[in-house]
Amino acid sequence: MKPGLAAMALLATAAAPAPTYDWKLTPAGWGPVRIGMTRDQVGKALKTELHGEPLDDESSCIELFSDAEPLSGVYFMFLDGKLSRVTVAKPNGIATPRGIRVGSSADEVRAAYGEKLKAEPNHYLDLPAEYLTFWLKPDESGVRFETDARRTVETIHAGNDSIQLIEGCA
């Protein structure tokens with residue numbers, strides 16, 4: 001084999017680089033992961049296997065995750081077999097198109113989303129912790145930011161109306 005051909009063959013068999021998942025989190029999904037996809041479609045889009053347990057007795061609701069390190073702290077909720085929301089619950093660099101990520105302040109969320117942001121008290125924490133929700137389509141498609149007592153974003157949910165669910169699928 002000629003030296004040039006040997007080098008090209010070696011390059012062709014080298015392992016592909018690990019995906020970086022450098023995508024923006026939107027009400028429609030996250031990168032190639034789109035709201036409405038099946039579990040298999042999401043796994044293929046992420047090039048990883050998803051794991052998890054049903055969140056209700058009828059198994060119509062399940063929240064899945066991946067063991068792949070770049071996906072640590074990212075959860076995928078499926079209702080009736082279809083992706084309904086993507087949740088980011090760890091500071092891992094994932095951001096919305098407006099630059100909000102876990103660790104951003106409530107003031108940064110307000111500045112980024114303006115008057116269309118709906119504020120509600122947090123169901124588990126006292127004020128100033130709250131839910132800040134931006135609806136792209138009211139009660140259909142949006143992003144919800146959960147803030148803690150320090151007024152810091154600790155969780156982001158993006159997707160359909162399931163972003164309002166606070167206790168699994170209830």
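The backbone nitrogen of Leu125 sits 3.1 Å from a polar atom of the Asn122 side chain, and that side chain also reaches the backbone nitrogen of Tyr124, at 2.8 Å. Keep in mind as you look around that this is a predicted model. Asn122 itself belongs to the loop between strand E8 (117-121) and strand E9 (130-137). Is Asn122 buried or exposed? With a relative accessibility of 9%, Asn122 counts as buried, because the limit for that class is under 20%. Leaving aside residues up to four places away in sequence, Asn122 touches Ala129, Glu130, Tyr131 and Thr147.

The loop between E8 and E9 also holds Pro128. Here the backbone has a feature worth a look: Leu127 and Pro128 are joined by a cis peptide bond, with omega at about 20°.

Two further loop residues deserve a stop, this time for their phi angles. Lys47 is not a glycine, yet its phi is positive, near 60°. You will find Lys47 in the loop between helix H2 (39-46) and strand E4 (50-54). Asp80, also not a glycine, has a positive phi of about 50°, and its place is the loop between strand E6 (74-79) and strand E7 (82-88). Are Lys47 and Asp80 buried or exposed? Lys47 has a relative accessible area of 71% and is exposed. Asp80 is exposed at 66% relative accessibility, because exposed means over 50%.

Now to the aromatic rings. How many aromatic pairs does the count come to? The count is four aromatic pairs. One of them is formed by Trp23 and Trp30, with 5.0 Å from centre to centre and 75° between the planes. Why does this pair go down as edge-to-face? The angle of 75° is the reason, because planes over 60 degrees apart fall into that class. The two partners differ in their cover: Trp23 is partly exposed, with a relative accessible area of 26%, whereas Trp30 is buried, at 1%.

Elsewhere, ring pairs link Tyr113, Phe134 and Phe145 into a cluster. Phe134 has a charged partner as well, since the charged end of Arg98 sits over its ring. A second arginine, Arg144, has its charged end over the ring of Tyr131, and Tyr131 is among the residues that Asn122 touches. The table sets out these two arrangements.

| Charged residue | Ring | Distance to ring centre |
|---|---|---|
| Arg98 | Phe134 | 4.9 Å |
| Arg144 | Tyr131 | 4.7 Å |

Stepping back to the whole chain, the secondary structure comes to three helices and eleven strands. In sequence order they follow the pattern α-β-β-β-α-β-β-β-β-α-β-β-β-β. Of the 170 residues in the chain, 39% are buried. The accessible surface is about 9500 Å², and carbon and sulfur atoms account for 54% of that surface. Among contacts between residues at least 6 apart in sequence, 41% join residues that are at least 24 apart.

Finally, a word on confidence. The chain has an average pLDDT of 87, and 85% of the residues score at least 70. Where does pLDDT stay under 50? That happens over residues 5-18, for which the model has one contact beyond four places in sequence.

How values were computed:
Residues numbered from 1 in each chain as written. Predicted model: local features only at pLDDT ≥ 70, side-chain atom pairs only at ≥ 80, totals over all residues. Heavy atoms only, no water. Phe/Tyr/Trp six-rings, centres within 6.5 Å; stacked < 30°, edge-to-face > 60°. Buried < 20%, exposed > 50% of the residue type's maximum accessible area, 1.4 Å probe, protein only. Lys NZ or Arg CZ within 6 Å of the ring centre and 35° of its normal. Helix = DSSP H or I, 4+ residues; strand = E, 2+ residues; numbered from the N terminus. Contact = heavy atoms within 4.5 Å. Areas by Shrake-Rupley, 256 points an atom, 1.4 Å probe, with all protein chains shown as cover. Polar contact = N/O pair within 3.5 Å; in protein donor to acceptor, adjacent residues only side chain to side chain. pLDDT = per-residue confidence, 0-100.
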